[in-house]
Structure formats: structure tokens, C-alpha cells
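Welcome to a short set of exercises. Take a look at the structure below, then work through each task at your own pace.

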Amino acid sequence: SCIPVHAAVDCVSGEDVEFVMNGVLGGVVDKNADNKPGEQQETKVVKMKTQTLASLLEAAGAPEIIDYFSLDIEGLEYRALVTFPFDKYVFRALTVERPPPWLNTLLLAQGYVWMKNDRFDSFYVHKSEVVALRAAQRHDLVELEQIPPKCKGQGASTCEWPLTAPELPAACTGTWHSQKGQDRWVFE
């Protein structure tokens, strides 16, 4: 089943943020998000508390293995996943809107295999999905094709990703490391 959730998703729970109420383009107001501070002249903005993706899955009673998950949170996809407990949840198939290069690196390190891009979304399967991986190998889908960033206000149809990931809030910092003797990575 599908459970749509209206929440301000980020790498840490309990932070106060502004949230733009703008339908499918709504989201957290942040200098690293699609909704930048000062750009909301005619749009309703509300105050919300952030929640982590893991806390939302726990509250929904999600199983440890999730068949399909789509992440589209207007530019904060990396922050939502940088502290995500990949050792607790596995998405058999995953779509992410405009994943930056550093999010692709994170997903590949967590056992996800890029399959294809469709417009603004990248589609991945977890390495445990052997049949899908065999199909990818048959079609030579082995080299990731980076989706370009959203070029808001630049007057051009294309722009480049920054060379490095944006600085994370202090509460979201830590390091990923592999657990000894396991094929998993954890964030601490």
C-alpha cells in the first residue's frame, strides 16, 4: 500500500523550518533546497518541525524490506538519506528526483544499482534483486548517467552540479563506515 505523508523531511528530527505550501513544488525553505529563502512572495509559508525519513517509516509501521520508494523533496534528497539507517531498511526499488553526484555515490555504497533515468528521476534497485541486475547487465546499463540539477533563475536550460556536496547542518554530520565482516554501511 502507499502512504503519502506531508512532512518536512531532513537529516535530523525536531528542527524548526519554514515550509512552502505550493502543491508538488512545496518543501522546506533552505539555501540548499529548491525553495530558497526570499523566493516565496505569493506562496503560503508555514512553520514545521523536521522529521527524519526513518522516523516516518517507523511511525507508519513500515517493514524492513520495502518494495518501492519514491523520494522527491525538492532538493533535500541527499540530506534525507545521509543519516538514513540503511542497515535497518532496504528499498527493493527506489526512485530519486534529481539525485546529485554525492547522493549517487552514497546509494551505490549502500548496495543500490543505478538502472536508468526517466526525465528528472533516477531509478535504482537494491543489489539483492538478482533478476533486475541480470537484466541491467544484458542491456549494458552499467555506467551511471548523471541527471543535471534544476537551473532555477539562471536563464539557461542547463547548469552544472557543484564539485562538492553542500555543507550539512551540524546535527547531520557523522561518517559512514562499513561494519566489520558485513556487507553493510552505517552512519555514526
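Buried means under 20% relative accessible area, exposed over 50%, and partly exposed in between, with a 1.4 Å probe and protein chains only. Helices (H or I, at least four residues) and strands (E, at least two) are DSSP runs numbered from the N terminus. This is a predicted model, in which local features need pLDDT of at least 70, side-chain atom pairs count only at pLDDT 80 or more, and totals for chains, interfaces and linings use all residues. Residues are numbered from 1 along each chain as its sequence is written, and side-chain values use heavy atoms, with hydrogens and water left out.

**Exercise 1.** Describe the make-up of the protein chain.

Solution. Step one: count the elements, which gives 4 helices and 10 strands. Step two: read them from the N terminus on, and the order is β-β-β-β-α-β-α-β-α-β-β-α-β-β. Step three: turn to burial, where 40% of the 188 residues count as buried.

**Exercise 2.** Find out which residues of α1 are buried, and where they lie around the axis.

Solution. Start with the list: Leu 53, Ala 54, Leu 56 and Leu 57 are buried in α1. Because these residues cover an arc of only 160° around the axis, they lie on the same side of α1. (The arc is that of the directions from the helix axis to the C-beta atoms.) Next, look at the cover over them, which includes β1, β4, β5, α2 and β6. Finally, step just past α1: Gly 61 has a positive phi of about 70° there.

**Exercise 3.** Place Leu 53 in the largest nonpolar core.

Solution. A nonpolar core is a set of buried Ala, Val, Leu, Ile, Met, Phe, Trp, Tyr and Cys residues joined through side-chain atoms within 4.5 Å. The largest one has 38 residues, and Leu 53 is one of those that touch the most other members, including also Phe 84 and Phe 91. Among the elements that each supply at least two residues of this core are α1 (53-60), β5 (65-71) and β6 (90-97). Now check the contacts (heavy atoms within 4.5 Å): beyond its neighbours within four places in sequence, Leu 53 meets Val 9, Asp 10, Phe 69, Ala 80, Leu 81, Phe 84 and Phe 91.

**Exercise 4.** Is Ala 33 buried or exposed?

Solution. First locate Ala 33, in the loop between β3 (27-28) and β4 (44-51). Ala 33 counts as buried because its relative accessibility is 0%. Then list its contacts, leaving aside neighbours within four places in sequence: Val 28, Glu 74, Gly 75 and Leu 76. Leu 76 is 43 residues from Ala 33 in sequence, but their C-alpha atoms are 5.6 Å apart in space.
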